[in-house]
Amino acid sequence: MGVPIFSGEVVYKKRFLLSPFRHTKHTFSISSLVKMTIAKAFYSMIVLCFTSAYAARFDITNRCPYTVWAAAVPGGGRRLDSGQSWALDVAAGTKGARIWARTGCSFDGSGRGRCQTGDCGGVLQCNAYGAPPNTLAEYALNQFNNLDFIDISLVDGFNVPMDFSPTSNGCTRGIRCTADINGQCPNELRTQGGCNNPCTVFKTNQYCCTSGPCGPTPLSKFFKDRCPDAYSYPKDDQTSTFTCNGGTNYRVVFCP
């Protein structure tokens, strides 16, 4: 905030020194003071408006017929019974962010416990990513050309169906993954409470894309065929990343 105010004062002072009306001391002391005060207020208002305009709100709703423990990095975590929502405000410029559902959780009064899927170190208030399997809503705000980048990722597997959609700013392209992936999960990927991604199970470059060329596999295609807009393997960018203008708000719905 300090930089634009200072710049405004410098511009104003230069203009004043070149003004034909600078001969009166009284004019300088009153007029310049008033104008600089107005300039400060004006620039402060611009900075405030810019900050509020480019923050984003995420409305997270559980429509599953069971309780989930919503998790967000940044943001923490919250228990959501069926039908409950959580409004999360996120700062402009946030990147590497995730929202997901945890299932089969039990926490004590201090917020310590464990979840069957999506556990984030045994705490209710997550400050680290969750353990697979978990369906992920991923985002980065106000990045290249002031665009938000959003996606649903199954690179960490699948635990609950998800909708991740913009709700403002004229952006209308949402992402959904609502197939019965848990029920149809290949035997080698099945796990308690969800369906693992093959990288989690086999931990090889073929599935994890840790180095060199990497493409889809029959197991990644299992996910892609059922959720074509979602990431099915780490380099599945071309058909899986979507953008909105910065300042857009979003919703994440579990079991839409």
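The exercises below work through the disulfides, one helix, one loop residue, one sheet and the aromatic pairs of a predicted model.

Residues are numbered from 1 along each chain as its sequence is written, and side-chain values use heavy atoms, with hydrogens and water left out. Because the model is predicted, local features need pLDDT of at least 70 and side-chain atom pairs count only at pLDDT 80 or more, while totals for chains, interfaces and linings use all residues.

**Exercise 1. The protein as a whole**

Task: State how many helices and strands the protein has, and what percentage of its residues is buried.

Solution: Begin with the secondary structure, where helices (H or I, at least four residues) and strands (E, at least two) are DSSP runs numbered from the N terminus. The protein has 6 helices and 15 strands. Next take burial, where buried means under 20% relative accessible area, exposed over 50% and partly exposed in between, with a 1.4 Å probe and protein chains only. Of the 256 residues, 45% are buried. Finally turn to contacts, meaning heavy atoms within 4.5 Å: among those between residues at least 6 apart in sequence, 60% join residues at least 24 apart.

**Exercise 2. Handedness of three disulfides**

Task: For the disulfides 120 to 126, 171 to 244 and 185 to 195, find the handedness and place the cysteines in the chain.

Solution: A disulfide is a pair of cysteine sulfur atoms within 2.5 Å, and the structure holds 8 of them.

- Step 1. Cysteine 120 and cysteine 126 are joined with an S to S distance of 2.0 Å. The torsion about their S-S bond is about -85°, so this disulfide is left-handed. Cysteine 120 is buried at a relative accessible area of 4%, and cysteine 126 is buried at 6%.
- Step 2. Cysteine 171 is joined to cysteine 244, again with S to S 2.0 Å. This pair links distant parts of the chain, since cysteine 171 sits in the loop between strand 10 (162-166) and strand 11 (175-177) and cysteine 244 in strand 14 (residues 242-245), 73 residues apart. Its S-S torsion of about -70° makes the disulfide left-handed, and both cysteine 171 and cysteine 244 are buried.
- Step 3. The sulfur atoms of cysteine 185 and cysteine 195 are 2.1 Å apart. Here the torsion is about 75°, so the disulfide is right-handed. Cysteine 185 lies in the loop between helix 3 (181-184) and strand 12 (190-191), and cysteine 195 lies in strand 13 (residues 194-195), so the pair ties together parts that are 10 residues apart in sequence. Relative accessibility is 3% for cysteine 185, which counts as buried, and 0% for cysteine 195, which is buried too.

**Exercise 3. Helix 6 and the loop that follows**

Task: Which residues of helix 6 are buried, and which residues does alanine 230 contact beyond its neighbours within four places in sequence?

Solution: In helix 6 the buried residues are Leu219, Ser220, Phe222, Phe223 and Lys224. Their cover includes helix 3, strand 13, helix 4 (198-202) and helix 5 (205-208). Moving along the chain, alanine 230 is placed in the loop between helix 6 (218-226) and strand 14, and at 1% relative accessibility alanine 230 counts as buried. Leaving aside its neighbours within four places, alanine 230 is in contact with Ile152, Leu154, Lys224, Asp236 and Ser240. The C-alpha atoms of alanine 230 and valine 155 are separated by 9.0 Å, although these residues are 75 apart along the chain.

**Exercise 4. A sheet and its aromatic pairs**

Task: Give the strand order of the open sheet of 5 strands, and describe the ring pair of phenylalanine 58 and phenylalanine 164.

Solution: Two strands pair if DSSP finds at least two bridges between them.

- Step 1. The strand order is 4-1-15-10-11, with mixed pairing. Strand 4 (85-90) and strand 11 are the edge strands, each pairing on one side only.
- Step 2. Strand 10 and strand 11 run antiparallel and are joined by 3 bridges; the bridge partner of phenylalanine 164 in strand 11 is isoleucine 175.
- Step 3. Rings of Phe, Tyr and Trp (its six-membered ring) pair if their centres lie within 6.5 Å, planes under 30 degrees apart counting as stacked, over 60 as edge-to-face and the rest as tilted. By this rule there are 6 aromatic pairs. Phenylalanine 58 and phenylalanine 164 form a tilted pair, 6.4 Å centre to centre with 40° between the planes.
- Step 4. Phenylalanine 58 lies in strand 1 (residues 56-62) and phenylalanine 164 in strand 10, so the pair ties together parts that are 106 residues apart in sequence. Phenylalanine 58 is buried at 0% relative accessibility, and phenylalanine 164 is buried at 0% as well. Ring pairs link Phe58, Tyr139, Phe164 and Tyr250 into a cluster.
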